[in-house]
Structures are given as C-alpha cells and as structure tokens.
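Q: I'd like to learn how to read a structure like this one, feature by feature. Could we take it slowly and begin with the strands?

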Amino acid sequence: MTQNPSAPDEATAEAVDFTFELSEREIAFDIDEDLYAPDAIYGAAYLFIDRCYVFLARPADRKVRVRLRSKGAASAEELEALAGEFANELLNSQLRFRIGRATAPIREHYMARAFFGREQNATIAELLAELDAEEMAEEPLEIPVPWEAGREKASDG
Amino acid sequence: MAERIEFSGSLYSADAVKQAVEAFAHLGKFELESADDRVAVVLSDPDPEVADVLLDELANHVLALTVQSRG
C-alpha cells in the first residue's frame, strides 16, 4: 500500500512513493536521507516515542528504516494513520531544519551584535558620560540624595 | 530464552545504548555485544511483568538518549 506525501524539496520534485510494510501491531517504511536530513528524521521519531515504540535501522546506505510498533492493539487503519502522521511530522521537521539552517547566519549576527557590537559599547560610554555630567562634584561626599532632585523640580515649578 | 536487538552505530549512539542498559539493568540481564558498526543487546531473564515490552522500551530509551546527545 502506498501514500504520496508532498516532496520536501523542489529539487527532488519527482513523485516519491511512501511504501510501507504492515504486520501485526507494527508498520515499517524507509526514508531516503537524500530527501530528509538525519536531524529531521530524529526530530520526527522523538515526537512519536510517547505514542508507540520507534526503532530505526539501516537497510542500505542513505536509507533509514522506521518501524513503529503500537503500545496496544491497533488496527491496520490505525497503523497506516500513524505512519501518515509520521510522514507529515517528518515534513514539518525537515522544514524547521531547513529554516533553522537558512536563518543561522542572521541569528549569529544578532547574537554577535548583542554581545560584542559597537552600539553596545557606545551605549555604555554614553551612560558613563551622562554620569560624569551630573554635578556630583558639588556634593562634598559626592552622594546624591533623592530629595534634592524633588526639591529642585518644586523650585522650578 | 534470550532476546536480541541490534542498534546501528550510524543511527544510535553507543553511549546511549550503554546508558539505557544501565537504566534498565534491574529489569533483566543485559549483555552488550559490539561488532562492526552495530551494538547488540542480548536480554535474558527479564522481569516477567514487563518481558513482552522490555526491548521495545529499551529501544525508545536509547533513541531518546541518542536524540538528546545530538543536542
């Protein structure tokens, strides 16, 4: 029995059969690592651990066999639905992986700016200059008291 | 009778297999066999209450540890 989930990559837009083997309480299918990144496969598999028993095997180079075994009794329809959900989650996972990879330089750039950017130093310098500009030297102990500011405002008004 | 499960070294972390076996050690007798690019776990004398799901649960545990170790 086959299903045809959408291809994850325009470059590999040819029809991809999603063929699975069905047996009692379990369903197994192969995933091509040329289409899906290992991290995407692990991401999808991890999400199914609480729902069923997941086992990965390597039937051939660049192929990963996923076996999903139900934790209780399951009909053939339920197992097929489980495999379909896994395929959908695999696409989600692949998309997240690709977006994460594509936006990594942007994240790194903003992190670098946040920690080491010149704007950050300029802001600190400005704050220090602002502190220096305050007329603390007029105070004998250079300790400003909060009521002074309030009094000045009152006299201004 | 002993049961056996083989984890592909290209898919599962060997450390994850060892950690999982340690975590499940109270539920049966586990032996590890490393060969080529595989780590096999041989289970004997399992706790009868969980015997039918023990290797499946172990495999889930190994998978979880492997995924977590990849960050």
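A: Sure, and a definition helps to begin with: two strands count as paired if DSSP finds at least two bridges between them. Keep in mind that this is a predicted model. Now the case here: B:Phe30 has B:Leu43, in β3(B), as its bridge partner.

Q: How many bridges join β2(B) to β3(B), and do the strands run parallel or antiparallel?

A: The general idea is that strands of a sheet pair through backbone hydrogen bonds, either parallel or antiparallel. Here β2(B) and β3(B) are antiparallel, with 7 bridges joining them.

Q: What is the strand order in the open sheet of chain B?

A: Reading across the sheet, you get β1-β3-β2, so to speak an open arrangement of 3 strands with antiparallel pairing. At the edges sit β1 (3-8) and β2 of chain B, each of which pairs on one side only. On average, neighbouring strands of this sheet are turned by 20° against each other, if you ignore direction.

Q: Which helices of chain B lie against those strands?

A: Check which strands a helix touches, then look at its direction. Helix α1 (residues 14-24) of chain B lies across β1, β2 and β3 of that chain, and runs at about 170° to β2(B). The sheet also has α2(B) packed on it: this helix touches β1, β2 and β3 of chain B, and its direction makes about 20° with that of β1(B).

Q: Now the core. Which residues touch the most other members of the largest nonpolar core?

A: In soluble globular proteins, nonpolar side chains tend to be buried together. The largest nonpolar core here has 49 residues, and B:Phe7 and B:Leu58 touch the most other members. Helix α2 (residues 54-69) of chain B gives the most to this core, with 9 residues.

Q: What does B:Phe7 touch?

A: Leaving out residues up to four places away in sequence, the contacts of B:Phe7 include B:Tyr12, B:Val17, B:Val39, B:Leu58 and B:Val62. A:Phe55, from the other chain, is also among them.

Q: That takes us to the interface. How many residues does each chain bring to the contact?

A: Chain B brings 18 residues and chain A brings 17. The size of an interface is often given as the accessible area lost when the parts come together. For this pair, about 1,500 Å² is buried between chain B and chain A, with 56% of it on carbon and sulfur atoms. On the chain B side, B:Leu11, B:Asp56 and B:Asn60 lose the most area to chain A, together 37% of what that side buries.

Q: What about chain A: how many helices and strands are there?

A: Chain A has 5 helices and 5 strands, in the sequence pattern β-β-β-α-β-β-α-α-α-α. Buried residues make up 26% of its 157. For contacts with a separation of 6 or more in chain A, 57% come from residues 24 or more positions apart.

Q: Last one: where do positive phi values turn up outside glycine?

A: Two cases are worth a look. A:Arg62 has phi near 65° and is placed in the loop between β4 (52-57) and β5 (63-70) of chain A. B:Asp36 has phi near 50° and lies in the loop between β2 (29-35) and β3 (38-44) of chain B.

Q: Is each of these residues exposed or partly exposed?

A: Here the cut-off matters: exposed means over 50% relative accessible area. B:Asp36 is at 78%, so this residue counts as exposed. A:Arg62 is at 36%, so this one counts as partly exposed.

Definitions and conventions
Residues are numbered from 1 along each chain as its sequence is written. Chains are lettered from A and ligands numbered from 1 in the order in which they are written. This is a predicted model: local features need pLDDT of at least 70, side-chain atom pairs count only at pLDDT 80 or more; totals for chains, interfaces and linings use all residues. Side-chain values use heavy atoms; hydrogens and water are left out. Helices (H or I, at least four residues) and strands (E, at least two) are DSSP runs, numbered from the N terminus. Buried means under 20% relative accessible area, exposed over 50%, partly exposed in between (1.4 Å probe, protein chains only). Contact means heavy atoms within 4.5 Å. A nonpolar core is a set of buried Ala, Val, Leu, Ile, Met, Phe, Trp, Tyr and Cys residues joined through side-chain atoms within 4.5 Å. Axes are lines fitted to C-alpha atoms, for helices over the stretch in contact, and angles run from 0 to 180 degrees between N-to-C directions. Buried area is the accessible area (1.4 Å probe) that two parts lose on being put together, summed over both.
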